[in-house]
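Grab a coffee and open the viewer. Below are some exercises to work through with the structure on your screen; try each one before you read its solution.

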Amino acid sequence: MNILLVGNSQLACLKKAYDVQPEILGQFGDISFYVTPGGTGPYLTVNNGLLELIKEGINPKFPPRAYPENTPSIPLDNYDLIVVSALGYIDGGFYYPSPATRQGIIFDFCPKPNAITSRYISVPCYKKIIEGTLLSQPGIKFLMILRKYFCKDILVQPFPLPSKDIQNHPEWPLNSMYEDVLGAHKFFCQERDLFMKNFCEKHNMTLLSYPLGIGREDYFSPPDLMGASDGLHPTERYGELVLRQIANAVALQGVPSE
């Protein structure tokens, strides 16, 4: 069995975990990684049956990395399963502000005067903004293209929830926009999760859950699973948990290990 894991910098934690414990996925066959830049998903398309970088997403400071190096030249038909990591960036942290949360303020969550926006937007309208924002992201566009050319199984890893420590960070935009900051955060995350669920069902893809039931109550990740620098990039331990989710999904398909 050939498995390809493709994604943005969020994929790095899965690669690090694989390097330490290759047997988690390696028991099923050959594993390839393709890491490309882009916080809102990999800037990729499909051309002549191969993955192709989109020019707008190329950043010389953060070049794409492939393991093994010839991964971009391998036809997609050679793979039995493709995992795309990690999609649905919506409620950004203090280091990478999310455009979706800054389009306006929602009366339901006790807005306060702020330097970001004074435009009031109703909950129904904001739901449409969130949907439109996600549909415009490179990662979601790539998923639609990938499904068009790859008829086998696709697993989608949702974008990790931010570290719980982020709620106390003074530069987290929601802190300056709402009194009920946790209510607003939960709203954005719930709408993202609903979008991802419906999108994957519509396109016949399997959406992974957050590992260990993370975020079920407060929509944050435990701090020890997230990097402290921005609260958004998971640690190797988080990557291990996701690798085990993938392994379980493969095992449920009845694929024999090698």
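What follows is a set of exercises with worked solutions, all on a predicted model.

**Exercise 1. Trace the sheet: in what order do its six strands run, and which are the edge strands?**

Step 1. Walk across the open sheet and you'll read the order β5-β2-β1-β6-β7-β8, with mixed pairing.

Step 2. Now look for strands that pair on one side only: these are β5 (65–67) and β8 (206–207), the edge strands.

Step 3. Next, zoom in on β1 (residues 2–7) and β2 (residues 30–35), which pair in the parallel sense over six bridges. To get your bearings there, find asparagine 2, whose bridge partner in β2 is aspartate 30.

Quick reminder: strands of a sheet pair through backbone hydrogen bonds, either parallel or antiparallel.

**Exercise 2. Work out which strands helix α7 lies across, and at what angle it runs to β7.**

Step 1. Find α7 at residues 236–252. Follow it over the sheet and you'll see it lie across β1, β6 (81–87) and β7.

Step 2. Compare its direction with that of β7: the angle is about 150 degrees.

**Exercise 3. Find the hairpin made by β3 and β4, and say which residue in the turn has a positive phi.**

Step 1. Start with the pairing. β3 and β4 pair in the antiparallel sense over four bridges, and leucine 44 has leucine 53 as its bridge partner in β4.

Step 2. Two residues sit between the strands of this hairpin. Asparagine 48 is in the loop between β3 (44–47) and β4 (50–53).

Step 3. Check the backbone: phi of asparagine 48 is near 55 degrees, a positive value in a residue other than glycine.

Step 4. Is asparagine 48 buried or exposed? Its relative accessibility is 75%, so asparagine 48 counts as exposed.

**Exercise 4. Look at tyrosine 219 and serine 163: where do they lie, and are they buried or exposed?**

Step 1. Tyrosine 219 has its place in the loop between β8 and α7. Phi of tyrosine 219 is near 60 degrees, again a positive value in a residue other than glycine.

Step 2. The relative accessible area of tyrosine 219 is 12%, so this residue is buried; the cut-off for that label is under 20%.

Step 3. Serine 163 is in the loop between β7 and α5 (173–177). With a relative accessible area of 5%, serine 163 is buried.

Step 4. Who are its contacts? Leaving aside residues up to four places away in sequence, serine 163 touches Phe220, Ser221, Pro223, Met226 and Gly231.

**Exercise 5. Hunt for the cis peptide bonds at proline 68 and alanine 86, and place each residue in the fold.**

Step 1. A cis bond joins tyrosine 67 to proline 68, with omega at about -5 degrees. Proline 68 lies in the loop between β5 and β6.

Step 2. Serine 85 and alanine 86 are also joined by a cis peptide bond, and omega there is about -10 degrees. Alanine 86 lies in strand β6.

**Exercise 6. Describe the two largest pockets: what are their volumes, and what lines them?**

Step 1. The largest pocket comes to about 550 Å³. Its lining has 23 residues, with Ser9, Gly38, Gly39, Tyr96 and His233 nearest the centre.

Step 2. Sort that lining by class and you get 11 nonpolar, 11 polar and one charged.

Step 3. The second largest pocket has a volume of about 230 Å³. Of its 13 lining residues, Glu131, Glu191, Leu194, Phe195 and Asn198 lie nearest its centre.

Step 4. Where does this second lining come from? α3 (123–135) and α6 (181–202) each supply at least two residues, and α6 gives the largest share, with six residues.

Step 5. By class, the lining of the second largest pocket has six nonpolar, two polar and five charged residues.

**Exercise 7. Finish with the enclosed space: how many cavities of 30 Å³ or more are there, and what lines the largest?**

Step 1. The count is one, and the volume of the largest cavity is about 40 Å³.

Step 2. Its lining consists of Tyr89, Ile90, Asp91, Phe159, Pro160, Leu161, Pro162, Arg192 and Leu232.

Step 3. Sorted by class, the lining of the largest cavity has seven nonpolar, no polar and two charged residues.

Notes: Residues are numbered from 1 along each chain as its sequence is written. This is a predicted model: local features need pLDDT of at least 70, side-chain atom pairs count only at pLDDT 80 or more; totals for chains, interfaces and linings use all residues. Side-chain values use heavy atoms; hydrogens and water are left out. Two strands pair if DSSP finds at least two bridges between them. Contact means heavy atoms within 4.5 Å. Axes are lines fitted to C-alpha atoms, for helices over the stretch in contact, and angles run from 0 to 180 degrees between N-to-C directions. On a 1 Å grid over the protein atoms alone, a cavity is a set of points where a 1.4 Å probe fits but cannot get out, and a pocket is an open set with protein on both sides within 12 Å along at least five of seven lines; lining residues have an atom within 4 Å of a point. Grid points are joined across faces, edges and corners, and a volume is the space filled by probe spheres set on the points. Ala, Val, Leu, Ile, Met, Phe, Trp, Tyr, Cys and Pro count as nonpolar, Asp, Glu, Lys and Arg as charged, and the others, Gly among them, as polar. Buried means under 20% relative accessible area, exposed over 50%, partly exposed in between (1.4 Å probe, protein chains only).
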